[in-house]
Amino acid sequence: MDYLNLLNPQQRQAVTAPPGQTLVLAGPGSGKTRVLTQRIAYLIEAMGVRPYNILAVTFTNKAARAMGERVDALLGGARARGVWLGTFHSICARVLRTEANTPGLLPFQSNFVIFDADDQQNLVKRALRENNIDDKINKPAAIHARISEAKNNLVAPDDLPVRSYRDEIVVKTFKRYNELLQQNNAVDFDDLMLWTVKLFEQHPEVTEKYARRFEYVLVDEFQDTNLVQYSLLKLVSSYHHNLFVVGDEDQSIYRWRGADYRNVLRFEQDYPACQKILLEQNYRSTQTVLDAARSVIDQNANRTPKSLFTDHGRGEKINLHEAVDDHAEASYVVDTIQGQLRKGKPGGDFAVMYRTNAQSRLLEEAFLRAGLPYRLVGAQRFYGRREVKDMIAYLRLVHNPDDELSLQRIIAVPPRKIGEKSVTALQFAAQKAGRTMGSLLRELAEKADESPLWKELGHGAGPIFDFAVIFNGWLKVKAELPLPALFDKIVNDIGYQAYIDDNTEEGKDRWGNVDELRRLAYEYQDKGLVDFLENLALVSDQDTLPEQVNSPTLLTLHAAKGLEFAQVFIVGLDDGILPHSRSRDDPEEMAEERRLFYVGITRAKERLYLVRAGQRSTYGNPEYQLASQFLDDIPEDLLTRSGGEFPSGGPARLKSWDDTGDYSPAYGRRSSSRSPAQGNGANRSSKSSWGQTSYDWSSPTPARSTVSRSKPPVPAPDPEQKFRAGQRVRHASWGEGLVISSRILDGEETVDVAFESVGIKRLIASLAKLEVVKQGL
């Protein structure tokens with residue numbers, strides 16, 4: 001157990017904690033993953049606990065894989081094999097699939113499918129339609145959010161309070177939504193945990209089976225658990241009472257998903273004899289960054305104060321840059337990164353973080369103008385592409401023939417002369433018979449025109465019969481074929497390559513996406529279709545972030561949780577953006593916004609840049625901004641300011657350049673103080689061009705602008721579009737490509753081009769110097 005000698009005193013105290021309940025409050029960068037993995041190793045090696053009797057719960061698949069690899073490395077070989085290690089969702093799915101084999105325990109079969117976010121939205125829409133409720137007025141996303149919130153708080157439809165007609169709609173839709181899930185032999189993400197808790201509460205013998213097995217239960221990111229997850233943890237640890245949770249209420253940022261940092265308080269109330277350990281030594285950031293973070297988070301109540309410290313020294317001061325407007329804000333970020341790249345810093349050192357996804361647009365355009373590559377972390381972009389979703393729907397339908405959402409998606413893809421009337425007739429026949437459409441298709445495949453369905457379908461019977469035969473053939477061989485072979489059979493049977501690949505650049509790219517999914521299928525040929533589909537359903541933003549990143553990363557503050565970068569930019573630090581305008585009248589929301597800023601600050605290892613804009617374009621009109629109130633909490637001696645020049649007291653002003661090189665004031669910031677020693681930085685270069693910075697990197701100062709910003713500029717007329725979709729063009733470096741789309745953005749023609757050499761690129765037409773390739777050349 002030499003690994004214990006590498007721990008600091010607080011980490012060692014946590015790893016070697018005696019049996020019972022233990023609450024570890026781990027500050028950012030304090031080595032909580034090391035504590036969790038070494039705790040598992042300690043239980044096995046020092047306390048003689050069998051891996052089979054350990055349950056460890058994380059929040060992402062990536063974290064679970066990393067933890068398993070670390071435990072294996074500590075113990076060597078396969079000594080840790082048998083530990084139940086995974087996310088709440090994956091562990092609950094495993095329990096439900098096992099127990100669904102026992103008749104009467106659950107309202108679905110063991111081959112249930114997990115509906116993703118799009119499927120859930122579509123099901124809510126269907127429930128609204130069937131209740132004759134207008135989904136234009138009652139937005140499905142908002143209704144589903146209420147349903148999800150209720151499930152996360154263990155509230156059934158009949159127990160929801162009804163105080164308005166809107167509440168009645170939610171209850172009606174909630175009930176029908178649940179019925180449709182069961183009819184499809186499906187569950188949503190919330191159901192995975194809800195049904196597990198219900199199973200345990202209603203069947204004590206099942207609870208005892210799992211609670212007896214799991215002598216030790218360990219939980220990561222405990223501050224992000226919701227009420228149903230907390231209930232689950234209490235149930236599964238109810239026999240041995242050995243519950244070890246690691247978290248930090250200061251980093252609870254998923255309230256909108258149902259996470260409740262108050263579970264930390266509940267833990268202390270429910271287990272008053274628990275051991276509470278603080279991990280306060282930080283191994284990531286400089287002391288300046290930690291002091292700034294603490295000054296921000298100490299304003300929150302209902303938390304355990306922590307004194308974060310590090311051996312990394314004070315480090316550099318935090319750069320607070322106040323740009324003239326949102327365009328200058330984006331340019332500052334890119335110019336600063338370019339300056340650091342010229343000094344030899346690797347691109348992967350940099351991250352640009354923002355409150356909302358919409359803020360990435362100007363940043364992306366600034367990177368494109370500078371010809372600087374970047375990585376965008378956001379939605380499940382690959383899995384959201386049409387061709388990928390088509391193939392996933394086919395595989396889900398083969399796995400669960402009663403999955404009507406998947407069937408409706410693909411029954412006419414590729415086109416096979418099955419129209420909406422035929423699909424409606426099939427759906428009506430299924431409802432009348434009290435069966436699923438999938439079961440009727442299987443019967444049709446076996447009986448052909450002798451099936452009662454043939455007459456009900458009328459002229460549409462032939463094409464549907466042809467599909468039913470193919471569909472039934474997949475079901476007969478799915479148990480015999482490995483996953484890649486099944487994947488290939490489906491693709492070949494439906495002629496999907498001919499449908500998707502039309503020999504254009506876009507068609508090739510789409511087929512490349514199908515091929516990428518096929519490669520993923522090969523990784524699951526030993527695990528099988530069930531694990532493959534679960535992995536696709538449970539994939540998270542961070543699971544799609546490559547391990548090695550060589551370009552600056554753009555991501556939301558929520559997506560930044562658990563990551564770290566040498567240099568971090570947090571942009572949009574204006575009132576109404578961070579903190580978000582929705583938080584103004586809700587103290588709990590405001591506290592979460594402060595925690596979100598705290599998380600962003602503590603991602604920085606070496607340097608931190610805080611960036612805001614004096615004015616922002618709102619639907620084409622400039623609007624002056626107030627600085628984020630959170631900036632007022634950071635002590636002045638931790639900051640180096642650039643851009644804005646503010647007198648102490650009175651109305652705040654922004655300094656900008658006019659054509660003569662003199663400063664011109666623009667109002668827009670709350671009162672702020674500034675040290676006279678910081679000066680105005682007038683000795684820097686006034687020249688600016690793409691690929692060159694206009695900043696003096698030794699003393700950050702504002703860039704010269706060619707337009708006075710003391711009043712809103714007159715917008716220039718939009719340029720004429722020179723390119724159109726379908727044109728072939730040539731680029732000096734990337735060769736020939738196909739124009740996918742062209743549009744005017746902020747006075748510039750922006751063109752998306754699929755190049756044969758480098759794939760799809762978004763270009764500013766005036767800078768890219770594209771040549772149209774004439775026909776026949």
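1. N185 sits in the loop that links α7 to β5 (186-187) in this predicted model. Its phi is near 50°, which is a positive value in a residue other than glycine. The residue counts as buried, since its relative accessibility is 4% and the limit for burial is under 20%.

2. L154 also has a positive phi in a residue other than glycine, here near 60°. Its place is the loop between α6 (140-152) and α7 (165-183). Is L154 buried, partly exposed or exposed? At a relative accessibility of 31%, L154 counts as partly exposed. Helix α7 therefore has a residue of positive phi in the loop before it, L154, and another in the loop after it, N185.

3. Two cis peptide bonds deserve a check in the viewer. One joins V413 and P414, with omega at about -5°; P414 belongs to the loop between α16 (404-410) and α17. Another joins L578 and P579, with omega at about 5°. P579 is placed in the loop between β15 and α25 (587-601).

4. The loop holding P414 leads to α17, and this helix (residues 420-433) packs against α18 (residues 437-447). The two axes come within 9 Å and cross at roughly 100°. An angle of 65 to 115 degrees counts as roughly perpendicular, so α17 and α18 are described in that way. The contact is formed by L426, Q427, A429 and A430 from α17, together with M437, L440 and L441 from α18. By class, these are six nonpolar residues, one polar residue and no charged residue.

5. A further helix pair is α15 (residues 386-399) with α21 (residues 483-494). Their axes lie 11 Å apart, at an angle of about 115°. How are α15 and α21 oriented to each other? They are roughly perpendicular, and α15 passes α21 in a right-handed crossing. On the α15 side the contact uses M391, Y394, L395 and V398; on the α21 side it uses L483, L486, F487, I490, V491 and I494. The contact comprises ten nonpolar residues, with no polar and no charged ones.

6. P28 is found in the loop between β1 (22-26) and α2 (32-45). With a relative accessible area of 2%, P28 is buried. Which residues does P28 touch, leaving aside those up to four places away in sequence? They are D248, Q251, N282, R284, L308, Y598, T602 and R603. The C-alpha atom of P28 is also separated by 7.9 Å from that of V599, although these two residues are 571 residues apart along the chain.

7. The contacts of the chain as a whole may be set beside those of P28. Among contacts with a separation of 6 or more, 73% are accounted for by residues 24 or more positions apart. The protein chain has 777 residues, of which 55% count as buried. Its secondary structure comes to 26 helices and 25 strands.

8. Q727 is placed in the loop between β20 and β21 (728-731). At 11% relative accessibility, Q727 counts as buried. Apart from residues up to four places away in sequence, Q727 touches K722, G737, L738, V739 and V772. The C-alpha atoms of Q727 and S741 are 9.5 Å apart, with a spacing of 14 residues along the chain.

9. The confidence of the prediction should be read alongside these points. The average pLDDT of the protein chain is 83, and 85% of the residues score at least 70. Which element has the lowest mean pLDDT, and which the highest? Strand β20 (residues 663-667) is lowest, with a mean of 31, while strand β15 (residues 565-570) is highest, with a mean of 97. Strand β15 comes before the loop that holds P579, whereas strand β20 comes before the loop that holds Q727.

10. One stretch calls for a reservation. Over residues 646-715 the pLDDT stays under 50. For this stretch the model has 157 contacts beyond four places in sequence.

Methods. Residues are numbered from 1 along each chain as its sequence is written. This is a predicted model: local features need pLDDT of at least 70, side-chain atom pairs count only at pLDDT 80 or more; totals for chains, interfaces and linings use all residues. Side-chain values use heavy atoms; hydrogens and water are left out. Axes are lines fitted to C-alpha atoms, for helices over the stretch in contact, and angles run from 0 to 180 degrees between N-to-C directions. Helices (H or I, at least four residues) and strands (E, at least two) are DSSP runs, numbered from the N terminus. Angles under 35 degrees count as roughly parallel, over 145 as roughly antiparallel, 65 to 115 as roughly perpendicular and the rest as oblique. A crossing is left-handed if the near helix is turned anticlockwise from the far one by less than a right angle, and right-handed if clockwise. Contact means heavy atoms within 4.5 Å. Ala, Val, Leu, Ile, Met, Phe, Trp, Tyr, Cys and Pro count as nonpolar, Asp, Glu, Lys and Arg as charged, and the others, Gly among them, as polar. pLDDT is the predictor's confidence in each residue, from 0 to 100. Buried means under 20% relative accessible area, exposed over 50%, partly exposed in between (1.4 Å probe, protein chains only).
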